[in-house]
Amino acid sequence: MQILDGKKTSEDIKREIAAEVQQMKANGEKVPHLAAVIVGNNGASLTYVGSKVRSCEQIGFDSTLIALPEETTEAELLAKIKDLNQDDNLDGYIVQLPLPKHIDEEKILLAIDPQKDVDGFHPTNFGRMALEMETFLPATPFGIMELLERYKVETSGKHTVVIGRSHIVGRPMSILMSRKGNPGDSTVTLTHSRTKNLAEFTKNADIIITALGVPEFLKADMVKDGVVIIDVGITRVEDASNPKGYVIKGDVDFDGVSPKSSFITPVPGGVGPMTIAMLLKNTLLARKIRSRK
């Protein structure tokens, strides 16, 4: 059993990007500029956006944090997005989700310029991904593909079972794993909360990618020997014995499943750190695309 170490891999990627940025500076080229928009005071979102900004500084990107109050109207946010779309100094930006309930998230995502959508959520970029064209891949699925590639996990001809059909992870994962190339060329089954006899699918899977959000859902008796496990789940579970009062659990019963696995991601330290690294990689791609014009 080999651990797919997202923490180490993400640091490797950041070092590679930092070296490329140094070369850009040496050549007198503009360095990538990423902006993050956050509305309101969601604690988890503030932490996540803060780590994105710190990562930008760490690798030499320019970064801008736009913090808007909770009472910001939908019209005001759309006006801000229009400004960001027209800002030639900006290569890419993200609007941190979730947004306050009075703002229509779909309307906001559709307003983002697809060429600056480094989250990869815009329908234009989603369509380009499905058609195997150059585009910004959603950061978490992109990170999973990168882990599979760097650890040389064989995916061609394998049966991949994806658990969860969200637009952010499950559905794009099912598309990416079935695309031509490596990683890819997999036969994919997309399962979800309405799937009957889910264990019948997982027992026959060579690769399982789970993004369900149910702690320790996947047990040892639901997988076969040699399976590759990618655990995207991240749930706070109350634990009085922990100083924080909680522990972070994935979708997989790690202690039970890991002895049967050939490769497995830990939680935390697996897929999570890769998400920010791939957002930075998308921003670097955005700068390269803009420099071609």
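User: Hi! What is the strand order in the open sheet of 6 strands?
Analyst: Hello! This is a predicted model, and in it that sheet has the order 1-11-8-7-5-6, with parallel pairing.

User: Thanks. And which are the edge strands there?
Analyst: Strand 1 (2–3) and strand 6 are the edge strands, each pairing on one side only.

User: How many bridges join strand 1 to strand 11?
Analyst: The count is 2 bridges, and strand 1 runs parallel to strand 11 (residues 261–264). Going residue by residue, Gln2 sits opposite Phe263 in strand 11, and Ile3 is opposite Ile264 of that strand.

User: Nice. What about strand 8 and strand 11, how many bridges there?
Analyst: Strand 8 (residues 227–231) is joined to strand 11 by 3 bridges, and those two run parallel. Here Val228 stands opposite Phe263. Phe263 also has Gln2 of strand 1 opposite.

User: Let's bring in a helix. Which strands does helix 7 lie across?
Analyst: Helix 7 lies across strand 5, strand 6 and strand 7, and its angle to strand 6 is about 170°.

User: Is helix 7 largely enclosed or open, and why?
Analyst: Helix 7 (residues 170–178) is largely enclosed by the rest of the structure, because 7 of its 9 residues are buried.

User: Which residues are buried in it?
Analyst: In helix 7 the buried ones are Gly170, Pro172, Met173, Ser174, Ile175, Leu176 and Met177.

User: And what covers the buried residues of helix 7?
Analyst: The cover includes two helices, helix 5 (123–130) and helix 6 (139–150), along with strand 5 (159–163), strand 6 (187–191) and strand 7 (207–210).

User: Switching topic: what order does the open sheet of 3 strands have?
Analyst: That one goes 3-2-4, again with parallel pairing. Its edge strands are strand 3 (62–68) and strand 4 (92–95), and each of these pairs on one side only. From one strand to the next, the twist averages 15°.

User: How many bridges between strand 2 and strand 3?
Analyst: Strand 2 (residues 33–39) pairs with strand 3 over 7 bridges, in the parallel sense. One facing pair has His33 opposite Asp62 in strand 3.

User: Which helix packs on that sheet?
Analyst: Helix 2 (residues 43–59) does, touching strand 2, strand 3 and strand 4. The direction of helix 2 makes about 165° with that of strand 2.

User: At what angle do helix 1 and helix 2 pack?
Analyst: Helix 1 (residues 6–26) packs with helix 2 at an angle of about 50°, and their axes are 8 Å apart. The two helices are therefore oblique to each other.

User: Which residues make the contact?
Analyst: On the helix 1 side you have Glu11, Lys14, Ile17, Ala18 and Val21, and helix 2 brings Ser55, Gln58 and Ile59. By type, the residues of this contact split into 4 nonpolar, 2 polar and 2 charged.

User: Last one, Arg290. Where does it lie?
Analyst: Arg290 lies in helix 10 (residues 271–291).

User: Does it count as buried or exposed, and why?
Analyst: Arg290 counts as buried because its relative accessibility is 17%, and the cut-off for buried is under 20%.

User: What does the side chain of Arg290 reach?
Analyst: The Arg290 side chain reaches the backbone oxygen of Asp88, at 3.1 Å. Leaving out residues up to four places away in sequence, Arg290 touches Asp87, Asp88, Leu90, Asp91 and Lys116.

Key:
Residues numbered from 1 in each chain as written. Predicted model: local features only at pLDDT ≥ 70, side-chain atom pairs only at ≥ 80, totals over all residues. Heavy atoms only, no water. Pairing = 2+ DSSP bridges. Helix = DSSP H or I, 4+ residues; strand = E, 2+ residues; numbered from the N terminus. Axes fitted to C-alpha atoms, helices over the stretch in contact; angles between N-to-C directions. Contact = heavy atoms within 4.5 Å. Parallel < 35°, antiparallel > 145°, perpendicular 65-115°, else oblique. Nonpolar A, V, L, I, M, F, W, Y, C, P; charged D, E, K, R; others polar. Buried < 20%, exposed > 50% of the residue type's maximum accessible area, 1.4 Å probe, protein only. Polar contact = N/O pair within 3.5 Å; in protein donor to acceptor, adjacent residues only side chain to side chain.
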